[in-house]
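Hello,

Please find the structure below. My notes on the strands and the charged side chains follow it.

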Amino acid sequence: MPACRRDGADLVLEVRVQPRASRSEIAGRHGERLKVRLRAPPVDGRANEALVELVAAAFGIPRARVTLEHGHTSRDKRLRLLGAPDVPESLRALLGGD
């Protein structure tokens, strides 16, 4: 499965999260997933909240349009970006377009 795929008007992202990193960033690929480093610890959903915020900012959409579909307690997660625009140019090479 690719790191990014269209599902109707939505984008679905497969990510691998590294919590407690020195900074929050989209770091590249981890196999077939997008690797995301987060400063937040994996406690009380803080890493999940930080992930949603980072992805929403990267795609220029409100946080309310990013939902965590799978992997609430795992490092491997699936995010759905509701009505997402095209993949930003800065992420296109990492995701392989859309």
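**Strand pairing and salt bridges**

Glu-25 and Arg-23 form a salt bridge, with their closest N and O atoms 3.0 Å apart. Glu-25 counts as buried, at 19% relative accessibility, since the cut-off for buried is under 20%. Please keep in mind that this is a predicted model. In total, the structure holds 12 salt bridges.

Most of what I have to report concerns strand β6, so here is its pairing before the remaining charged pairs.

Strand β6 covers residues 76-81 and pairs with strand β2, residues 10-18, in the antiparallel sense over 6 bridges. Within this pairing, Leu-13 has Leu-79 of β6 as its bridge partner.

Strand β6 is also joined to strand β5, residues 66-70, by 4 bridges, and these two strands run antiparallel. Here Thr-67 stands opposite Arg-80 of β6. β5 and β6 form a hairpin with 5 residues between them. In the turn, Gly-71 has a positive phi of about 95 degrees.

Which residues meet Arg-80 in salt bridges? One is Asp-7, where the closest N and O atoms are 2.9 Å apart. Asp-7 lies in strand β1 (residues 4-7) and Arg-80 in strand β6, so this pair ties together parts that are 73 residues apart in sequence. Another is Glu-69, whose side chain meets that of Arg-80 at 2.4 Å, N to O. Glu-69 is in strand β5 and Arg-80 in strand β6, so the two are 11 residues apart and the pair links distant parts of the chain.

Are these side chains buried or exposed? Arg-80 is buried, with a relative accessible area of 15%. Asp-7 counts as partly exposed, at 36% relative accessibility. Glu-69 is partly exposed as well, with a relative accessible area of 35%. Both acidic residues fall in the partly exposed class because their values lie between the 20% limit for buried and the 50% limit for exposed.

There is also a salt-bridge network to look at when you open the model. Glu-14, Arg-16, Arg-33, Asp-76 and Arg-78 are joined into one network by salt bridges that share partners. Strand β2 spans residues 10-18 and strand β6 spans residues 76-81, and these are the ranges to display alongside the network.

Regards

Conventions:
Residues are numbered from 1 along each chain as its sequence is written. This is a predicted model: local features need pLDDT of at least 70, side-chain atom pairs count only at pLDDT 80 or more; totals for chains, interfaces and linings use all residues. Side-chain values use heavy atoms; hydrogens and water are left out. Two strands pair if DSSP finds at least two bridges between them. A salt bridge is a side-chain nitrogen of Lys or Arg within 4 Å of a carboxyl oxygen of Asp or Glu. Buried means under 20% relative accessible area, exposed over 50%, partly exposed in between (1.4 Å probe, protein chains only).
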